[in-house]
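Here's a quick walk through how the helices in this model sit together. Have a look at the fold first, then read on.

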Amino acid sequence: MAADLDKLFGIDPDAVAKLKDLGIDTIEDFYEVAKHADSRAELAEKIDVDPFKLEEWSSTAGNFILMSNCEW
């Protein structure tokens, strides 16, 4: 189940709006782009966000997806 990007801990509304303008609407969509260093750097430039901040959000997104798939 896809989670809306604004549910990602630590991401600010301005970044969410910029990502959605690029067609990145869910945490899963974001993670697919941001999990690779080269595409993360390109994305950081496109949305004018520090690449290290994007890396932090990517890590959080990966953890979110991992935890969403856990069966407790």
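## How the helices pack

In this predicted model, helices H3 and H4 cross with a right-handed sense. Their axes approach to within 9 Å, at an angle of roughly 115 degrees. H3 covers residues 37-47 and H4 covers residues 51-68. On the H3 side, the residues that meet H4 are Arg 40, Leu 43, Ala 44 and Ile 47, and their partners in H4 are Pro 51, Leu 54, Glu 55 and Ser 58. Sort that contact by class and you get five nonpolar, one polar and two charged residues.

Now for the inside of the model. The largest nonpolar core holds 19 residues, and Leu 5, Ile 11, Leu 19, Phe 30 and Trp 57 have the most contacts within it. Helices H1 (13-21), H2 (27-34), H3 and H4 each give two or more residues to this core. H4 makes the largest contribution, with four residues. As a rule, nonpolar side chains in soluble globular proteins tend to be buried together.

What does Trp 57 touch once its neighbours within four places in sequence are set aside? The list runs through Leu 8, Phe 9, Gly 10, Ile 11, Asp 12, Ala 15, Phe 30 and Val 49.

H1 and H3 can be laid side by side:

| Helix | Buried residues | Exposed on the other side | Arc of buried residues | Buried residues pack against |
|---|---|---|---|---|
| H1 | Ala 15, Val 16, Leu 19 | Pro 13, Asp 21 | 100 degrees | H2, H3 and H4 |
| H3 | Arg 40, Leu 43, Ala 44, Ile 47 | Asp 38, Glu 45, Lys 46 | 105 degrees | H1, H2 and H4 |

Take H1 to begin with. Ala 15, Val 16 and Leu 19 are its buried residues. Looking down the axis of H1, they fall within an arc of 100 degrees, so they line one face of the helix. That buried set packs against H2, H3 and H4, while Pro 13 and Asp 21 are exposed on the other side of H1. After H1 comes Gly 23, with a positive phi near 90 degrees.

H3 gets a similar reading. Arg 40, Leu 43, Ala 44 and Ile 47 are buried there, and because they sit within an arc of 105 degrees when seen down the axis of H3, they line one face of the helix. They pack against H1, H2 and H4. Asp 38, Glu 45 and Lys 46 are exposed on the other side of H3.

Two residues deserve a stop of their own. Asp 48 lies in the loop between H3 and H4, just after H3. Its phi is near 55 degrees, a positive value in a residue other than glycine. For background, most residues other than glycine have a negative phi. Is Asp 48 buried or exposed? Its relative accessibility is 66%, so Asp 48 counts as exposed, the cut-off being over 50%.

Ser 58 is the other one, and it belongs to helix H4. Its relative accessibility is 5%, so Ser 58 counts as buried, the cut-off there being under 20%. Not counting residues up to four places away in sequence, Ser 58 touches Phe 30, Tyr 31, Ala 34, Lys 35 and Arg 40. The C-alpha atoms of Ser 58 and Ile 24 are separated by 13 Å, with the two residues 34 apart along the chain.

Terms used. Residues are numbered from 1 along each chain as its sequence is written. This is a predicted model: local features need pLDDT of at least 70, side-chain atom pairs count only at pLDDT 80 or more; totals for chains, interfaces and linings use all residues. Side-chain values use heavy atoms; hydrogens and water are left out. Axes are lines fitted to C-alpha atoms, for helices over the stretch in contact, and angles run from 0 to 180 degrees between N-to-C directions. A crossing is left-handed if the near helix is turned anticlockwise from the far one by less than a right angle, and right-handed if clockwise. Contact means heavy atoms within 4.5 Å. Ala, Val, Leu, Ile, Met, Phe, Trp, Tyr, Cys and Pro count as nonpolar, Asp, Glu, Lys and Arg as charged, and the others, Gly among them, as polar. A nonpolar core is a set of buried Ala, Val, Leu, Ile, Met, Phe, Trp, Tyr and Cys residues joined through side-chain atoms within 4.5 Å. Buried means under 20% relative accessible area, exposed over 50%, partly exposed in between (1.4 Å probe, protein chains only). The arc is that of the directions from the helix axis to the C-beta atoms.
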